[in-house]
Amino acid sequence: APHLDTVIDGDVIYDFILTVIKIHRRQKKITHVCFSGLVNVCHAPKLSATTITPLHLVEYLAPLHAEAPVVEAWCMAATNICLRFPIHIKSFCDLGAVEMLERLLMLF
C-alpha cells in the first residue's frame, strides 16, 4: 500500500477547498465544512507555503461573519496555517484578521 505522504497532495486539496468556498461562499454549511477541512489540510505533507493565500481566506470569511461555527472553523484553519507556515502571520495581521476575529469572537 502506498504511504500517505505519496498519496495526499496538500496543494491540490487546498486549491479544491478554496474553489468550493469561492463558488459557495454564502452557504454557511458548505463553508463551515470547507474551513474545517482546511484545519486538517494544514497537516498534509505536500502543502507548500506558496499555495496558501491569506487574502482569499480573509475575504471568504466576510460574507459569513455572523455564523459562529464558520468563524470558529476559520480561526482554527488560520491558526494551523500560521503554525505550519509562520511566514503568513504578518500577512494575516496586515490584512486585519486579528482585529476582525477579536470583534467577531466577542459577538458570540
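Contact, in what follows, means that heavy atoms lie within 4.5 Å of each other. With that in hand, the reader can begin at valine 41, which, once its neighbours within four places in sequence are left aside, is in contact with Gly10, Ile13, Tyr14, Ile17 and Leu47. Valine 41 lies in helix α3, and because its relative accessibility is 8%, below the 20% under which a residue is called buried, valine 41 counts as buried. The structure shown here is a predicted model, and every value in this account is computed from that model.

The chain as a whole provides the setting for such details. Seven helices and zero strands make up its elements, so that, by the way such elements are assigned, the order from the N terminus on reads α-α-α-α-α-α-α. Of the 108 residues in the chain, 36% are buried. Among the contacts in the chain with a separation of 6 or more, 75% are accounted for by residues 24 or more positions apart. Valine 41 also illustrates how positions separated along the chain can be placed in space, since its C-alpha atom and that of alanine 77, 36 residues away along the chain, are separated by 8.8 Å.

Which residues have the most contacts inside the largest nonpolar core? They are Phe35, Leu38, Leu57, Trp74 and Phe92, in a core that has 30 residues. The elements that give two or more residues to this core are α2 (10-23), α3 (28-41), α4 (54-61), α5 and α7, and the largest share, eight residues, comes from α5. In soluble globular proteins, nonpolar side chains tend to be buried together.

Two of the residues just named, Trp74 and Phe92, deserve a closer look. The structure holds one aromatic pair, and it is formed by tryptophan 74 and phenylalanine 92, with 6.0 Å from centre to centre and 80° between the planes. The pair counts as edge-to-face because its planes are 80° apart, and an angle over 60 degrees is described in that way. Tryptophan 74 belongs to helix α5 (residues 68-84) and phenylalanine 92 to helix α6 (residues 89-94), so the pair, by this assignment of helices, links distant parts of the chain, 18 residues apart. Tryptophan 74 is buried, with a relative accessible area of 1%, and phenylalanine 92, at 4% relative accessibility, counts as buried too. If residues up to four places away in sequence are not counted, tryptophan 74 touches Phe35, Leu57, Val58, Leu61, Phe92, Ala97 and Leu101.

Ala97 and Leu101 lead on to the packing of helix α5 against helix α7, where Val71, Trp74 and Cys75 in α5 meet Ala97, Leu101, Leu104 and Leu105 in α7. The residues of this contact divide into seven nonpolar, no polar and no charged. Helix α5 and helix α7 (residues 97-107) pack at an angle of about 145°, with their axes 11 Å apart, and α5 passes α7 in a left-handed crossing.

Helix α5 also holds asparagine 80. Is asparagine 80 buried or exposed? Its relative accessible area is 16%, and because buried means under 20%, asparagine 80 is buried. Not counting residues up to four places away in sequence, asparagine 80 touches Val39, Cys42 and His43.

Two further residues are neither buried nor exposed in the sense used here, but fall in between. Glutamate 59, whose place is in helix α4, is partly exposed, with a relative accessible area of 35%. The C-alpha atoms of glutamate 59 and leucine 95 are separated by 9.5 Å, although these residues are 36 residues apart along the chain. Isoleucine 89, which lies in helix α6, counts as partly exposed at 40% relative accessibility. Isoleucine 89 and threonine 79 are ten residues apart in sequence, and from C-alpha to C-alpha they are 9.0 Å apart in space.

Conventions
Residues are numbered from 1 along each chain as its sequence is written. This is a predicted model: local features need pLDDT of at least 70, side-chain atom pairs count only at pLDDT 80 or more; totals for chains, interfaces and linings use all residues. Side-chain values use heavy atoms; hydrogens and water are left out. Rings of Phe, Tyr and Trp (its six-membered ring) pair if their centres lie within 6.5 Å; planes under 30 degrees apart count as stacked, over 60 as edge-to-face and the rest as tilted. Helices (H or I, at least four residues) and strands (E, at least two) are DSSP runs, numbered from the N terminus. Buried means under 20% relative accessible area, exposed over 50%, partly exposed in between (1.4 Å probe, protein chains only). Axes are lines fitted to C-alpha atoms, for helices over the stretch in contact, and angles run from 0 to 180 degrees between N-to-C directions. A crossing is left-handed if the near helix is turned anticlockwise from the far one by less than a right angle, and right-handed if clockwise. Ala, Val, Leu, Ile, Met, Phe, Trp, Tyr, Cys and Pro count as nonpolar, Asp, Glu, Lys and Arg as charged, and the others, Gly among them, as polar. A nonpolar core is a set of buried Ala, Val, Leu, Ile, Met, Phe, Trp, Tyr and Cys residues joined through side-chain atoms within 4.5 Å.
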